[in-house]
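Reader: Please take a close look at a single part of this model and describe it in detail. Then set that part against the rest of the chain.

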Amino acid sequence: MKFLTETRTRLVPRTIDGVTHDVPEPYTVRTPKVPMDKDRLALIGVSGLVLVLTLVAIVWSTYSIGQLLGGGPGYAAGTVFDVAWLAVLVLEWMARFDPAKREFPRKVGWGLALVAAAAIFLEGQLAGGWQMALVGAAVSIVAKVLWWAVFKHIDKDLAPGDAAWVAAEMSKANAKLAIAGARRQAAKAEVTARLELLAAEQALGEIAGLDHFRSAANAITAEQVREHSETVDVIHASPAPLNRANTVHEQCEPEANIAHLARVELTAGASKEEAVKAILARLPDAKQTSVEATVRRERNKLDRAAYR
């Protein structure tokens, strides 16, 4: 047995001045040399030879069928006949572990090769007689037979039990692929549905905000103004509450009523300055700073409700 000497690299600890680091160190190993696979080389050589002959057959059939179709674009159409069965060979090789799936591309390839041979035979009959037609048609048939022999050699025939086991494994793998594809499509559909719902909810929120602002503006009627006026009159008529026993009367500022008056004035179209003046005219005992702060706060609430 022959051996090969290879140079590899490994990390080894190296310490300098008390500091240790892992540094690369080259070393050599002897590994056995894999013997040459002569069967594989022979198969590659045969496949290459058959491929060259197939290219010759394609050129010949393209020329013959192109002449039959009148030349020009007919040459491009002529390549379809041989290239078609050559493409089916790839499918046949991919299905080498599945006899049932492999049988269909094999039959299709034979059918396409016979069609190409028939077209070449017809062109040969028109050009030079049956001898030329027969030889020309045999070119594609020979190429197809050679490929059939190559595939017959590389076919992976399995026992019935082994074939069933391989079929079960392929079925399991195909099921996983199908499930993955279905889940991917379901996830995409779910994302699209959620985006649509979010967009719809946002639109409904905007519409609801506009409706709320309009209903709030429409709800403040003259009847509510009269009710508010009566409430203010009651507040002025009633004595101020006592903060604690045996103390002087300290009037509490009606913050809630100021806020209500502010909403009434602002929704009626008054500016902040006009609303402050109107509220002070109704409540002369109220502090101007409190009224101004309340008007600003209510104005901000109405603006947020309008753009929600």
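Author: Helices are DSSP runs of H or I with at least four residues, strands are runs of E with at least two, and both are numbered from the N terminus. The part chosen here is helix 5, residues 160-219. This is a predicted model, in which local features need pLDDT of at least 70 and side-chain atom pairs count only at pLDDT 80 or more, while totals for chains, interfaces and linings use all residues. Residues are numbered from 1 along each chain as its sequence is written, and side-chain values use heavy atoms, with hydrogens and water left out.

The setting comes first. The protein chain has 9 helices and 2 strands, in the sequence order β-β-α-α-α-α-α-α-α-α-α. Of its 308 residues, 23% count as buried; buried means under 20% relative accessible area, exposed means over 50%, and partly exposed lies in between, with a 1.4 Å probe and protein chains only.

Within helix 5, Glu190 and Arg194 form a salt bridge, with an N to O distance of 3.0 Å. The term stands for a side-chain nitrogen of Lys or Arg within 4 Å of a carboxyl oxygen of Asp or Glu. Side chains of opposite charge can pair when their charged atoms come close. Because Glu190 and Arg194 are 4 residues apart in helix 5, about one helical turn separates them. Glu190 counts as partly exposed because its relative accessibility is 41%, and Arg194, at 54%, is exposed.

Helix 5 also takes part in the largest pocket. Rolling a probe the size of a water molecule over the atoms shows where empty space is left. On a 1 Å grid over the protein atoms alone, a cavity is a set of points where a 1.4 Å probe fits but cannot get out, whereas a pocket is an open set with protein on both sides within 12 Å along at least five of seven lines; lining residues have an atom within 4 Å of a point. Grid points are joined across faces, edges and corners, and a volume is the space filled by probe spheres set on the points.

The largest pocket has a volume of about 240 Å³. Helix 5 gives the largest share of its lining, 5 residues, and helix 3 and helix 5 each supply at least two. Among the lining residues are Ala163, Val166, Ala167, Met170 and Asn174, and also Met94, Arg96, Phe97 and Lys101. By class the lining holds 8 nonpolar, 1 polar and 3 charged residues, where Ala, Val, Leu, Ile, Met, Phe, Trp, Tyr, Cys and Pro are nonpolar, Asp, Glu, Lys and Arg are charged, and the others, Gly among them, are polar.

Met94, one of the residues lining the largest pocket, lies in helix 2, residues 73-94. Met94 is exposed because its relative accessibility is 55%. Together with Val90, Leu91 and Trp93, Met94 makes a nonpolar surface patch of about 420 Å². Patches are built from residues with over 30% relative accessible area and no salt bridge, joining like charges within 9 Å and nonpolar side chains (Val, Leu, Ile, Met, Phe, Trp, Tyr) within 5 Å.

Elsewhere there is 1 cavity of 30 Å³ or more, with a volume of about 40 Å³. Its lining includes Trp60, Ile120, Glu123 and Met132, and the elements that give two or more residues are helix 1 (38-68), helix 3 (99-127) and helix 4 (130-154).

The Glu190 and Arg194 bridge can be set against other charged pairs; the whole structure has 7 salt bridges. Arg263 and Glu298 meet at 3.4 Å, N to O. Arg263 is in helix 7 (residues 255-267) and Glu298 in helix 9 (residues 288-307), so this pair ties together parts 35 residues apart in sequence. Arg263 is partly exposed at 33%, while Glu298 is buried at 3%. Lys301 joins Arg263 and Glu298 in a network of salt bridges.

In the strands, Glu25 pairs with Arg10, with the closest N and O atoms 3.5 Å apart. Glu25 is in strand 2 (residues 19-32) and Arg10 in strand 1 (residues 3-16), 15 residues apart. Both are partly exposed, Glu25 at 30% and Arg10 at 43%. The loop between strand 1 and strand 2 holds Asp17, which has a positive phi of about 55° although it is not a glycine. Asp17 is exposed at 77%.

Key:
Areas by Shrake-Rupley, 256 points an atom, 1.4 Å probe, with all protein chains shown as cover.
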